[in-house]
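Work through the exercises below with the sequence and the model open side by side. Try each task before reading its solution.

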Amino acid sequence: MHRVRPLPTYLAKRLDRWRATTFSENKEWFSHLAAHGQHPRAMFISCCDSRVDPVAMFEGEPGDFFLVRNVANLVPRYAPDEEMHGTSAAIEYAVTVLGVSHIVVMGHSGCGGVAACLDKCEGNAPALTDPKSFIGRWMDVLKPGYERIKDQGKTREDRIDLLEKEGVKVSIQNLLSFPFVAEAVEEKRLSLHGLWTNIGSGEMVMYDGDGQAFREV
């Protein structure tokens, strides 16, 4: 633990500004959250990518959204195998304890994780086939999506774009493999939503399950 260093100066200064402004101006609300717990209506599953911020995009405030961020905004299939599953644990908590009404899976343009999956599946990323590669194993979640788009698109960029959207669909399909999610959806206590956003243009499309296509929000 001797290698753990103090907080970088630029982060410490930002924290001081936040305490003096946002926290100070909303201290009563933060006290309420501390005393009464969280009651978010929506859960967002989004990418770790620093350019994508669902809280900012949907004007969220503390207490509004239950958030999970991981590489390529993926949801694995239900797997009660006594291993450690961070995303699955968060989904379980959101649905069975917090009782969220909505789960939103949000993909985005220029996703490095999705590009890595494509390269791995096409034999262009040998390092990701190493059993010790955490990224390689995680991107296996997206393999079913790759199988659906592998013969589509003229360029690598086309296939990445298609696979980013397939990632949203795969994650929604996998959400329904969780019994408590499927039950909540069936009982209309929970609805699932899929989004994809273009970082550069601000374009947002949502997945239409009935039409099985993405359309503009």
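The exercises go from the whole chain to helix packing, then to pockets and single residues; the model is a predicted one.

**Exercise 1. The chain as a whole**

Task: State how many helices and strands the protein chain has, and what share of its residues count as buried.

Solution:
- Step 1. Count the secondary structure elements: the protein chain has 9 helices and 6 strands.
- Step 2. Take the overall dimensions: the C-alpha trace spans about 55 × 50 × 40 Å along its principal axes.
- Step 3. Turn to burial: the chain has 217 residues, and 37% of them count as buried.
- Step 4. Look at contacts with a separation of 6 or more: residues 24 or more positions apart account for 63% of these.

**Exercise 2. Helix α5 against helix α8**

Task: Describe how α5 and α8 cross, and say which residues meet.

Solution:
- Step 1. Choose the two quantities to report. Packed helices are described by the angle between their axes and the distance between the axes.
- Step 2. Apply this here: the axes of α5 (residues 112–121) and α8 come within 9 Å and cross at roughly 115°.
- Step 3. Assign the hand: α5 passes α8 in a right-handed crossing.
- Step 4. List the residues. From α5 come V114, A115, C117, L118 and D119, and they meet R156, R159, I160, L163 and E164 of α8.
- Step 5. Sort the residues of this contact by class: 6 are nonpolar, none is polar and 4 are charged.

**Exercise 3. Helix α4 against helix α9**

Task: Do the same for α4 and α9: at what angle do the axes cross, and in which hand?

Solution:
- Step 1. Angle and distance: the axes of α4 and α9 (residues 179–186) cross at roughly 35° and come within 10 Å.
- Step 2. Hand: α4 passes α9 in a left-handed crossing.
- Step 3. Residues: I91, E92, V95 and T96 in α4 meet F180, V181 and A184 in α9.
- Step 4. Classes: the contact of α4 with α9 has 5 nonpolar residues, 1 polar and 1 charged.

**Exercise 4. The largest pocket**

Task: Find which element gives the most residues to the lining of the largest pocket.

Solution:
- Step 1. Volume: the largest pocket holds about 320 Å³ of space.
- Step 2. Lining: 14 residues line the pocket, and I172, L192, H193, Y207 and G209 lie nearest its centre.
- Step 3. Candidates: α8, β4 (191–197) and β5 (204–208) each supply at least two lining residues.
- Step 4. Result: β4 gives the most, with 5 residues.
- Step 5. Character: the lining has 8 nonpolar, 5 polar and 1 charged residues.

**Exercise 5. The second largest pocket**

Task: Name the helix that supplies the largest share of the lining of the second largest pocket.

Solution:
- Step 1. Volume: about 240 Å³ of space lies in the second largest pocket.
- Step 2. Lining: among the residues are N70, P76, R77, M84, H85, W138 and V141.
- Step 3. Result: helix α4 (residues 86–98) supplies the largest share, 3 residues.
- Step 4. Character: by class, this lining has 5 nonpolar, 5 polar and 1 charged residues.

**Exercise 6. Two residues of one helix**

Task: Are L162 and S171 buried, partly exposed or exposed?

Solution:
- Step 1. Locate L162: this residue is in helix α8 (residues 156–175). S171 also lies in α8.
- Step 2. Recall the cut-offs: buried means under 20% relative accessible area, exposed means over 50%, and partly exposed is in between.
- Step 3. Classify L162: its relative accessibility is 27%, so L162 counts as partly exposed.
- Step 4. Classify S171: its relative accessible area is 0%, so S171 is buried.
- Step 5. Compare the contacts, leaving aside residues up to four places away in sequence. L162 touches I149, Q152 and G153, whereas S171 is in contact with N73, L74, V75 and V105.
- Step 6. Add one distance: the C-alpha atoms of L162 and K150 are 9.3 Å apart, with their positions 12 residues apart along the chain.

**Exercise 7. A glycine in α6**

Task: Say why G136 counts as buried, and which residues G136 touches.

Solution:
- Step 1. Location: G136 lies in helix α6 (residues 134–139).
- Step 2. Burial: G136 is buried because its relative accessible area is 0%, and the cut-off is under 20%.
- Step 3. Contacts: not counting residues up to four places away in sequence, G136 touches K120 and L128.
- Step 4. Distance: the C-alpha atoms of G136 and L74 are separated by 13 Å, and the two residues are 62 apart along the chain.

How values were computed. Residues are numbered from 1 along each chain as its sequence is written. This is a predicted model: local features need pLDDT of at least 70, side-chain atom pairs count only at pLDDT 80 or more; totals for chains, interfaces and linings use all residues. Side-chain values use heavy atoms; hydrogens and water are left out. Helices (H or I, at least four residues) and strands (E, at least two) are DSSP runs, numbered from the N terminus. Buried means under 20% relative accessible area, exposed over 50%, partly exposed in between (1.4 Å probe, protein chains only). Contact means heavy atoms within 4.5 Å. Axes are lines fitted to C-alpha atoms, for helices over the stretch in contact, and angles run from 0 to 180 degrees between N-to-C directions. A crossing is left-handed if the near helix is turned anticlockwise from the far one by less than a right angle, and right-handed if clockwise. Ala, Val, Leu, Ile, Met, Phe, Trp, Tyr, Cys and Pro count as nonpolar, Asp, Glu, Lys and Arg as charged, and the others, Gly among them, as polar. On a 1 Å grid over the protein atoms alone, a cavity is a set of points where a 1.4 Å probe fits but cannot get out, and a pocket is an open set with protein on both sides within 12 Å along at least five of seven lines; lining residues have an atom within 4 Å of a point. Grid points are joined across faces, edges and corners, and a volume is the space filled by probe spheres set on the points.
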